[in-house]
Each structure stands twice: as C-alpha cells, then as structure tokens.
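Here are some notes on the model you asked me to look through, written as numbered points. Please keep the structure open beside them while you read.

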Amino acid sequence: VGGATTLSGQVTVQTNLSVTGNLTVGGTVTLTNSLAPKPWVGFLVTTSGGVASISNHVGFKTTGISVSHTANGNYTITIPAHPNGAAYLTMLSPYSTSSGNATTYPTGYSGNSTTIYVYCRSDVGVTSVVDGNFYVHTVP
C-alpha cells in the first residue's frame, strides 16, 4: 500500500514488516513475543584530575544526563525522569583505563526518578572512597 491510503479493519502481515518513516499507533500494542530490553540510560563515567565526565551513551535517553563529582569518590548523577519513578535498578560495573587508572569498586543506588548516587571504593571491604571510572545502566 502506498501513498495516503486508509485501511479499515484488521490487517495481518504474515512475514516481516518494514516501516520507512514514522509509525503512529492509536490504540493498544500487543506483542506475542517481546522487544529486546533496553536500559533507560546507560553510559560511562570517567574521572581525570578530579573532574568527572560522561560518554558512550546507550539506552532510550542519551541526553539530559549529567554527573556532579561532589567529593573524592562521591558522584551524583542526574538522569531524565525514569518512567518507573524511583522503582528501577541501577547496575554499576568498574572500568579500568590503559593509562594505569586503578580499578575501583562502584556502589550506587537510585535516590528518586532523576538521581543516582555512586560511591567508589579502592577494594572490597574498604570504607574509604576514591575517584574512579565506571559504567552505569538502569534495569529496565
């Protein structure tokens, strides 16, 4: 079907469907399988000379994300409001650079729908915090 054709009733596609352009759905979407999960936000935080920055964005939201490095090893990350409010899981993974930056052990949690708090430790069981590099993503 091409152009501005209007169809009424049910349309069934037996094979793959490709849409070039926008797709607008004016009703309920029902899936018999599932869409691949994608994090709300996902990115890399690196710290150099006491300054934290964000790169390598993945996820539904790639803009409106910032990091505040409030003290040695303490980070406050602001994200676009999560659709589940504060009921989402924050996953953190250490990242080590080839420039000799020691691997740290990040710990964090979601404070609310727009804030993630992260603390980096130099080793397991250590209570003091240090600057670090880490990946962040949310589930879902």
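1. Thr47 is buried, because its relative accessible area of 8% falls under the 20% that serves as the limit for that word. This threonine belongs to strand β1, and a polar atom of its side chain lies 2.9 Å from the backbone oxygen of Gly132. Please bear in mind, here and in every point below, that this is a predicted model.

2. Strand β1, which covers residues 42-48, is one of four strands in an open sheet whose order is β2-β1-β8-β5 and whose pairing is antiparallel. Which strands stand at the edges of this sheet? They are β2 and β5, and since each of them has a single partner strand, one side of each is left without a neighbour in the sheet. Averaged over the sheet and with direction ignored, neighbouring strands are turned by 25° against each other.

3. The pairing within this sheet can be followed residue by residue. Between β1 and β8, which run antiparallel, there are four bridges; Phe43 has Val136 of β8 as its bridge partner, while the partner of Gly42 in that strand is His137. Strand β5, made of residues 89-94, also runs antiparallel to β8 and is joined to it by six bridges, and here Leu89 stands opposite Val139.

4. Strand β8, residues 134-139, is a good place to look at the two faces of a strand, since its side chains alternate along its length. In a regular strand, side chains alternate between the two faces of the sheet. In β8, Phe134, Val136 and Thr138 point to one face and are buried, whereas Tyr135, His137 and Val139 point to the other face and are not buried.

5. Strand β2, residues 51-58, contains Asn56, whose backbone deserves a second look. What is the phi of Asn56? The value is near 55°, which is positive although the residue is not a glycine. Most residues other than glycine have a negative phi.

6. A second open sheet also has four strands, in the order β3-β4-β7-β6, and its pairing is antiparallel. Strands β3 (66-71) and β6 (105-112) stand at the edges with a single partner strand each, so one side of each lacks a neighbour in the sheet. From one strand to the next, the twist averages 20°. Inside this sheet, β4 (residues 74-78) and β7 (residues 115-121) run antiparallel and are joined by five bridges, and Asn74 stands opposite Tyr119 of β7.

7. Ser66 is found in the edge strand β3, and at 38% relative accessibility this serine counts as partly exposed, because that label covers values between 20% and 50%. Ser66 and Ser53 are 13 residues apart in sequence, and their C-alpha atoms are 8.0 Å apart in space.

8. Finally, consider the segment before β1, where Leu31 has its place. Is Leu31 buried or partly exposed? With a relative accessibility of 47%, Leu31 counts as partly exposed. Leu31 is also one of the residues of a nonpolar patch on the surface, together with Leu7, Val11, Val13, Leu17, Val19, Leu23, Val25 and Val29, and the accessible area of the patch comes to about 880 Å².

Key
Residues numbered from 1 in each chain as written. Predicted model: local features only at pLDDT ≥ 70, side-chain atom pairs only at ≥ 80, totals over all residues. Heavy atoms only, no water. Pairing = 2+ DSSP bridges. Axes fitted to C-alpha atoms, helices over the stretch in contact; angles between N-to-C directions. Patch = residues over 30% accessible without salt bridge, like charges linked within 9 Å, V, L, I, M, F, W, Y side chains within 5 Å. Areas by Shrake-Rupley, 256 points an atom, 1.4 Å probe, with all protein chains shown as cover. Salt bridge = Lys/Arg side-chain N within 4 Å of Asp/Glu carboxyl O. Buried < 20%, exposed > 50% of the residue type's maximum accessible area, 1.4 Å probe, protein only. Polar contact = N/O pair within 3.5 Å; in protein donor to acceptor, adjacent residues only side chain to side chain.
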